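Dear colleague,

I am passing on the structure we spoke about, and below it you will find what came out of going through it. Please read the notes with the structure open beside them.

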Amino acid sequence: MSKTPIIPLVSSKPKELADLISCVKQYNPEADTSLIEKAYLFSEEVHKGQKRSSGESYFHHPIEVAFIIAELRLDTVTVATALLHDTVEDTVATLPQIEEQFGPEIAALVDGVTKISQISFQTSEEKQAENFRKMVFAMAKDLRVILVKLADRTHNMRTLQHLRPDKQARIAQETLDIYAPLANRLGLSAMKRELEDLSLRYSKPEIYYKLVSQVSKKLKERDQYTNDVLAMIEGALQEHGYHNSNVTGRPKHFYSIHKKMEKRNLTFEQVYDLTGFRIVLGTVEQCYGALGLIHSLWTPVPGRFKDYIAIPKANFYQSLHTTVVGPGGEKIEIQIRTQQMHETAERGIAAHWAYKEGKNISAETSKFSWLNRLVEWNKDLQDPNEFLETVKLDLFSEDVYIFTPKGKVIEFPQGATPLDFAYTIHTDLGHHCIGAKVNGRMVSLKYKLKSGDTVEVLTSPNQTPHKDWLKLVKTSRAKSKIRQFIKVQEHERSMATGEMLLEKELKKEDLKLKSLIKEGIIQKGVEAFSLKSVDDLLSAIGYGKLSPKKVMSRLPLPSKEKEVAEAKETKELKETKRPLQKIVEEASKKSTTRQVVKVKGIEDLLVHFARCCSPVPGDSVVGFITRGRGISVHTRKCPKIFDSDPHRLIDIEWDTTTATERAVKIRVICEDRPGLLADMSGVIKDQDANITRAQIGTTKDKKALCLFSISIKNLNHLSKIISAIEGISGVLRAERVQKKDR
């Protein structure tokens, strides 16, 4: 058998290779760097002649990605993978060539990174869900795949200025939505901060550069205050024998300041804690001792102390967090940790790998319980959109830590309730939960769990889940189990309805359903409509997706009865050839507005738009077949869609050939200054939009709250309006409002 042709390696050793090897040797003096050298030369050869958007050699990119991986102190296999990560996707090199020259381990890693690189999150919601699924499975197989991808995205973000503004904004938003939260979940704090700041720079450049200017100016003004606080902390530590301490004051990154202003409706002048202080010590005991010392210097702020040493975060982060009232009455945030904890905080999972070759990667991956849960729960989630929501819940939520009666600690997202706790313990416990005892006191199912709570579940055999529970739970496991229970119930009801309707139609021909099932005649109908079982056929009739007459027309009925059925079918044939259109049009008689959406190619249907999510042209939408009210149009992100029966959902799309306007609500939080309302009205008018309604009020902290109803053409039109409003001096935040947000 002939071998795969080998791409020749060049013999030159540019300076970058020596630098990379030197970097690896610093943290692993015993490393065999011949693999890195071989990968370097191979990648240099196959990328020869390629240029990036900046005009520089493409090979500069894999070198920089490899340096980022080396800075995380990963093994030589991962460094080599970083050098090779784009070879299969962007050059003549093939996966068999990679495997032949570098072995199956590196080939598998390169293949994993290539597949993730081909994932696009700017697609339809369903496709996006499948892409999430692929990413999660790649991560679960070997976390080094996602580490290389994160390093790749980090360097791409560092050089994003060379792309068009529209591409910059799209990639920045994807980074903020997907990759920064992933870095956070893997404990890569330094990378997460950099990705967030770069994403803000390119997604909202006006806000970013304004913030950079404001922070720079304010930090200069506050240098003396910061130095005074540092001196006081260092002096107190030295006085009490903490001679090995390292105290630093680090400016908070721009994105975190932006989010704080946005979340609390603050102006920049109202943000005082721009600098966070960190104390790094030798032992855990010294950390707790230093905490007591800090609390003796300044008064701690109640409710702002968190002990992540005793109860680490899911990404292994450990530290003591406290906020105190410092000099001048200003609040100061302080973190206290050991050097080892500090390394873990900055490098996350990479700190646990160290740099040892041949370490059991699957054993390291298994430590990430949240990742294992995602893979396990996927077995129960057939709907890809549910899986998408599951991933987002587990990736993007902050955690609280709850105790079982036996003292076991379980992590939950903020806002979790006793129902979440019950479903985490066992599905049946969740199904029959009627309440709970928290710290010995009775609480309702609505109670929001707090870190440190001890929970005991109360049950009743007569209790069963219902749709309202979906509004109470936060964990993906609880949501999926409740939905599963409800869907089974709805499926059973639709089967019973379908059986009744088909029986009624068959009775007119002196036929019995049970006999036709027994004779295998109904099975022919199952096959004719490409369904899996008789139950699915009956369910489709019950849901209104198939009419009994249509089903009968496809059955090999006994000759006499069949002739009668065919004669009746002839009259209605034209109407029943497109059953979905007929169902929709009959159900839509009560609708008074003709809307521009298409249902599987059927244009200009009478539909109504769901008030819960108020979709506008450009939103990704889905249709829901209602009983008696036509098709209800929802955005694919609408929570009601996740709670609805998937068998009644249909694909729809906007008819872009017909111009239309839709009303949308915008919420603006701003300073309460004269003339600001006129400025906003002028900007909206300049964007060729019309204000149909406006409500103006003030908040307790003397901010102005404005609600505008505006007629817009599409989603792009809305984005331009919001961006223009946010550019007005004194505007803190502008955002689209949907019913769930009001």
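Which strands does helix H32 lie across, and at about what angle does it run to S20? Helix H32, formed by residues 715-726, lies across S17, S19 and S20, and its direction makes about 160° with that of S20. Please keep in mind throughout that this is a predicted model.

To place that helix, it helps to look at the sheet beneath the question. The sheet is open and has 4 strands, which follow one another in the order S18-S19-S17-S20 and pair in the antiparallel sense. Its edges are formed by strand S18 (690-698) and strand S20 (731-737), and because each of these has a single partner strand, one side of each is left without a neighbour in the sheet. Between neighbouring strands of this sheet the turn is 20° on average, if direction is ignored. Strand S17, which covers residues 662-671, is joined to S20 by 6 bridges, and the two run antiparallel; in this pairing Ile666 stands opposite Arg736 in S20. Helix H31 (residues 676-686) also packs on the sheet, where it touches S17, S18, strand S19 (703-712) and S20, and its direction makes about 20° with that of S19.

A second sheet may be worth finding on your screen as well. This one is open too, with 3 strands in the order S10-S9-S11 and antiparallel pairing. Here strand S10 (441-443) and strand S11 (455-459) are at the edges, and since each has a single partner strand, one side of each has no neighbour in the sheet. From one strand to the next the twist averages 30°. Strand S9, made up of residues 433-438, pairs with S11 over 5 bridges in the antiparallel sense, and Cys433 is the residue that stands opposite Thr459 in S11. As general background, the strands of a sheet pair through backbone hydrogen bonds, and they may do so in a parallel or an antiparallel manner.

Finally, some values for the chain as a whole. The protein chain holds 32 helices and 20 strands, and 51% of its 742 residues count as buried. Among the contacts with a separation of 6 or more, 66% are made by residues that lie 24 or more positions apart. The accessible surface of the protein chain is about 35800 Å², and carbon and sulfur atoms account for 51% of that surface.

With best wishes

Note on methods. Residues are numbered from 1 along each chain as its sequence is written. This is a predicted model: local features need pLDDT of at least 70, side-chain atom pairs count only at pLDDT 80 or more; totals for chains, interfaces and linings use all residues. Side-chain values use heavy atoms; hydrogens and water are left out. Two strands pair if DSSP finds at least two bridges between them. Axes are lines fitted to C-alpha atoms, for helices over the stretch in contact, and angles run from 0 to 180 degrees between N-to-C directions. Contact means heavy atoms within 4.5 Å. Buried means under 20% relative accessible area, exposed over 50%, partly exposed in between (1.4 Å probe, protein chains only). Accessible areas come from the Shrake-Rupley method with a 1.4 Å probe; for residues, only the protein chains shown count as cover.
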